[in-house]
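This briefing goes through selected local features of one protein chain. Keep the sequence and the structure open while reading.

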Amino acid sequence: MSTRVKGAIYLPAQAYNAYQMWRDYRIDEIVRDLEFAKKLNLNALRVWLSYEYWLEEPEKMQEVFDHFLEEAEKKGIRILPSLFEKVGIEPTFEARIDKNPLTAVCVYSPSMEIINNPNRWNEPAAFVKWFMQHYRDDERLLAVEVMNEPYGVDRLQFAREMLICAKERKGKLPLTIGCIDFEHNMYFLDIGIDILQNHANFPNSIDYIEKRLAQFEEFGKILNKPVWLTEWQRIRPTSNGWGQNPLGNGEWQPDYEAYAKVLENYPQLGTFFWSLMVKPAYLPPQRKKGTLNGVFHEDGAVWSLDDARAIANDPNFEAEERREWPEWAKEIPENVFVK
């Protein structure tokens with residue numbers, strides 16, 4: 001891992017959750033989007049697998065994931081897969097298949113029925129065992145992220161048990177957890193995580209993020225472990241969008257340039273921005289605010305040429321610039337409060 005990890009979060013533009021990504025897997029779409037990632041000089045993508053889809057179609061899940069890895073390898077891109085997801089809504093069948101841009105959002109995995117019942121943890125543990133059996137030494141992967149943003153006692157205990165399960169079957173690949181704040185990595189150090197994570201999607205200033213990143217780098221040096229910022233988006237001086245306060249003027253849209261330039265000052269820090277494709281926000285609170293993320297439209301145009309150039313670290317990057325909501329999602333700004 002001597003080469004700096006520089007990546008993006010990836011879901012196909014019209015996939016609202018991981019279940020849809022793998023169930024509706026389209027080869028032409030995947031090949032096209034991986035080419036977009038290559039144009040930005042990325043060498044990594046962070047994706048979610050779907051335990052629920054694996055339960056339905058385990059052989060198909062493996063088939064499409066293997067194809068994804070094969071195509072990514074052709075582009076010089078390695079994959080950081082996350083096995084379980086904490087954020088979102090209950091993964092009912094209706095929620096998993098919802099394609100309405102006003103209501104379709106991410107789903108957590110596994111269900112709260114399983115999270116709240118340790119006697120059933122052997123069920124998702126079977127998914128971990130399957131994954132580690134097939135991919136623990138796969139060099140097309142960067143690492144194995146056992147769960148994204150486990151928070152709260154029940155989910156932290158669940159994530160610890162799944163990490164123990166993965167650790168018992170560990171191969172060459174490092175293990176990690178998608179921690180919101182770098183302090184949350186402390187919940188897993190006794191088990192053994194190899195890469196420390198931090199998420200900082202919407203800091204309120206460049207000064208704040210510089211101080212936080214310096215602390216994070218120091219944390220990694222003390223523990224002698226790599227540090228990755230696996231979610232970042234834009235500076236939002238007015239509101240981060242999680243509470244009741246409305247967003248400031250224009251803060252609903254992508255604006256990666258300033259943040260990307262800050263990250264260039266931290267060459268040892270692995271980074272993943274949210275997200276490669278232009279799409280409505282993944283999480284319900286941000287969707288209600290009218291947040292839009294992403295760099296590339298499906299036809300190869302970019303939301304912001306300045307953003308694309310900053311992320312690629314290439315002033316000569318060229319593409320059509322189009323600051324318009326995708327046709328299939330244009331109803332969202334008309335139905336949410338966007339200042």
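The points below cover backbone geometry, salt bridges, surface charge, two histidines and one helix.

The model is predicted. The structure holds 31 salt bridges, and one of these pairs, E231 with R46, links distant parts of the chain. Two cis peptide bonds are described here, one between S109 and P110 and one from W274 to S275.

**Backbone geometry**

- Most peptide bonds are trans, and most residues other than glycine have a negative phi. The entries under this heading depart from one or the other of these patterns.
- S109 and P110 are joined by a cis peptide bond, with omega at about 0 degrees. P110 sits in the loop that runs between α5 (93-97) and α6 (112-115).
- Another cis bond leads from W274 to S275, where omega is near 0 degrees. S275 belongs to the loop between β8 (270-273) and β9 (279-280).
- N41 is not a glycine, yet its phi is positive, near 65 degrees. The residue lies in the loop between α2 (27-39) and β2 (44-48). With a relative accessible area of 44%, N41 is partly exposed.
- N313, also not a glycine, has a positive phi of about 55 degrees. Its place is the loop between α12 (305-312) and α13 (332-335). N313 counts as exposed because its relative accessible area is 52%, and the cut-off for exposed is over 50%.

**Salt bridges**

- Side chains of opposite charge can pair when their charged atoms come close.
- E231 and R46 form a salt bridge through their side chains, at 3.1 Å from N to O. E231 is in strand β7 (residues 227-232) and R46 is in strand β2, so the pair joins parts of the chain that are 185 residues apart. Both E231 and R46 are buried.
- R26 pairs with D28, and the closest N and O atoms of this salt bridge are 3.4 Å apart. R26 is partly exposed at 40% relative accessibility, while D28 is exposed at 51%.
- The pair of R26 and D28 is part of a wider arrangement: R26, D28, E29, R32, D33 and E298 are linked in a network of salt bridges.
- R120 and E113 meet in a salt bridge at 3.1 Å, N to O. R120 has a relative accessible area of 24% and is partly exposed. E113 is exposed, at 56% relative accessibility.

**Negative charge on the surface**

- Which residues gather in a patch of negative charge on the surface? They are E70, E73, D137 and E139.
- E139 is located in the loop between α7 (122-135) and β4 (144-148). Its relative accessible area is 61%, which makes E139 exposed.

**Two histidines**

- Is H184 buried or exposed? H184 counts as buried because its relative accessibility is 15%, and buried means under 20%.
- H184 is placed in the loop between β5 (175-178) and β6 (196-200). Apart from neighbours within four places in sequence, its contacts are Y151 and C179.
- H134 is in helix α7. At 35% relative accessibility, H134 is partly exposed.
- H134 and K167 are separated by 33 residues in sequence, and their C-alpha atoms are 14 Å apart in space.

**Helix α12**

- How many of the eight residues of α12 are buried? Six of them are, and the helix is mostly covered.
- The buried residues of α12 are L305, D307, A308, A310, I311 and A312.
- These buried residues of α12 pack against β1 (6-9), α2, β7, α10 (257-263) and β8.
- Some of these packing partners appear in earlier entries: β7 holds E231 of the E231 and R46 salt bridge, and β8 comes at one end of the loop that contains S275. Likewise, α2 borders the loop in which N41 lies.
- α12 itself borders the loop that holds N313, the exposed asparagine with positive phi described under backbone geometry.

Notes
Residues are numbered from 1 along each chain as its sequence is written. This is a predicted model: local features need pLDDT of at least 70, side-chain atom pairs count only at pLDDT 80 or more; totals for chains, interfaces and linings use all residues. Side-chain values use heavy atoms; hydrogens and water are left out. Helices (H or I, at least four residues) and strands (E, at least two) are DSSP runs, numbered from the N terminus. Buried means under 20% relative accessible area, exposed over 50%, partly exposed in between (1.4 Å probe, protein chains only). Patches are made of residues with over 30% relative accessible area and no salt bridge: like charges are joined within 9 Å, nonpolar side chains (Val, Leu, Ile, Met, Phe, Trp, Tyr) within 5 Å. Accessible areas come from the Shrake-Rupley method with a 1.4 Å probe; for residues, only the protein chains shown count as cover. A salt bridge is a side-chain nitrogen of Lys or Arg within 4 Å of a carboxyl oxygen of Asp or Glu. Lys and Arg count as positive and Asp and Glu as negative; His and the chain ends are not counted. The place of a charge is taken as NZ of Lys, CZ of Arg, CG of Asp or CD of Glu. Contact means heavy atoms within 4.5 Å.
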